[in-house]
Amino acid sequence: MGNAALRAIDRLDLTPRFTLVDAARLNERFRGVDTQEMLRVALGEGLLGEVAVVSSFGAESAALLHLVASVDRSVPVLFLDTGKHFPETIAYRDELVRFLGLTDLRIVLPDAERLAARDESGLRWSYDPDGCCEIRKVEPLVRGLAGFDASFTGRKAFQAATRANLPRFELDGDRLKVNPLITWSKEELDAYFTTHDLPVNPLVAMGYPSIGCQPCTNKVAPGEDPRSGRWSGWNKTECGIHTPIPDGDPNQPVF
């Protein structure tokens, strides 16, 4: 074997997983295609590479998980166990995994040393919710997604103004972030739950249309923005997984 052949074998592939052009092409390819068919083709043809579902097992999570499971029950499902979830959410997670026959649930935990150093009291949520989300959600998800090329989210346009114009496929670094339900209305989601007899997180009936960690989730009055109960009283609408955190604090990394 010559030197040229050796150099070819040893050369590192530094090509990004995906680019903005890839996201634009996928959005165009699946324009007007219904969600189930899009998932069938994207997963069946391997268009997304190694892909995982990131699920909070919240109010509407069962719809996306059912759609994905109907194509491939072995797609990994990542759950960020912040240590601050409602007990009802943990019980619902286990119920839904059994109901849908999901075969690869992965519990992603915060780093114990980081928690001890930055949230020893467990009360950081009360004075620095961005910092709490950073160490309990953002950093663990970075580790959890290592090795994956793309992730599915359950974001919908109707949930909040900050999500109104999201595309189906968007670039997240050099990964793809896929929002299969982005165009679905609340009525369509409710109908999907009814048609497929999907179990509902019990917190929904208690007045929680959007469910996160227990200390930072409040009940929502009828007619209010479904996410208005999240981080009530703070100028905060996302945990940082989907939106950079502009905290301006040099001791808190911006993602």
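Arg93 is buried in this structure, with a relative accessible area of 9%, where buried means under 20% relative accessible area, exposed over 50% and partly exposed in between (1.4 Å probe, protein chains only). The model is a predicted one, in which local features need pLDDT of at least 70 and side-chain atom pairs count only at pLDDT 80 or more, while totals for chains, interfaces and linings use all residues. Residues are numbered from 1 along each chain as its sequence is written, and side-chain values use heavy atoms, with hydrogens and water left out.

A look at the whole chain sets the scene. Its secondary structure comprises eight helices and six strands, taken as DSSP runs numbered from the N terminus (helices: H or I, at least four residues; strands: E, at least two). In sequence order these elements give the pattern α-α-α-β-α-β-α-β-α-α-β-β-β-α. Of the 255 residues in the chain, 47% are buried. Among contacts (heavy atoms within 4.5 Å) with a separation of 6 or more, 71% are between residues 24 or more positions apart. The accessible surface, from the Shrake-Rupley method with a 1.4 Å probe and, for residues, with only the protein chains shown counting as cover, is about 13000 Å², and carbon and sulfur atoms contribute 53% of this area.

Charged pairs come next. Side chains of opposite charge can pair when their charged atoms come close. The structure holds 16 salt bridges, each defined as a side-chain nitrogen of Lys or Arg within 4 Å of a carboxyl oxygen of Asp or Glu. One of them joins Arg93 to Asp94, with 3.0 Å between the closest N and O atoms. Asp94 is partly exposed, at 30% relative accessibility.

Another salt bridge pairs Arg114 with Glu134, whose closest N and O atoms are 3.2 Å apart. Because Arg114 sits in helix α6 (residues 112–118) and Glu134 in helix α7 (residues 129–144), this pair ties together parts that are 20 residues apart in sequence. Arg114 is partly exposed at 28% relative accessibility, whereas Glu134 is buried at 1%.

Helix α7 also supplies Arg136, whose side chain meets that of Asp119 in a salt bridge (2.8 Å, N to O). Here, too, distant parts of the chain are linked: Asp119 belongs to the loop between α6 and α7, 17 residues from Arg136. Both partners are buried, Arg136 with a relative accessible area of 7% and Asp119 at 4% relative accessibility. Finally, Arg114, Arg118, Glu134 and Glu139 are joined into one network by salt bridges that share partners.
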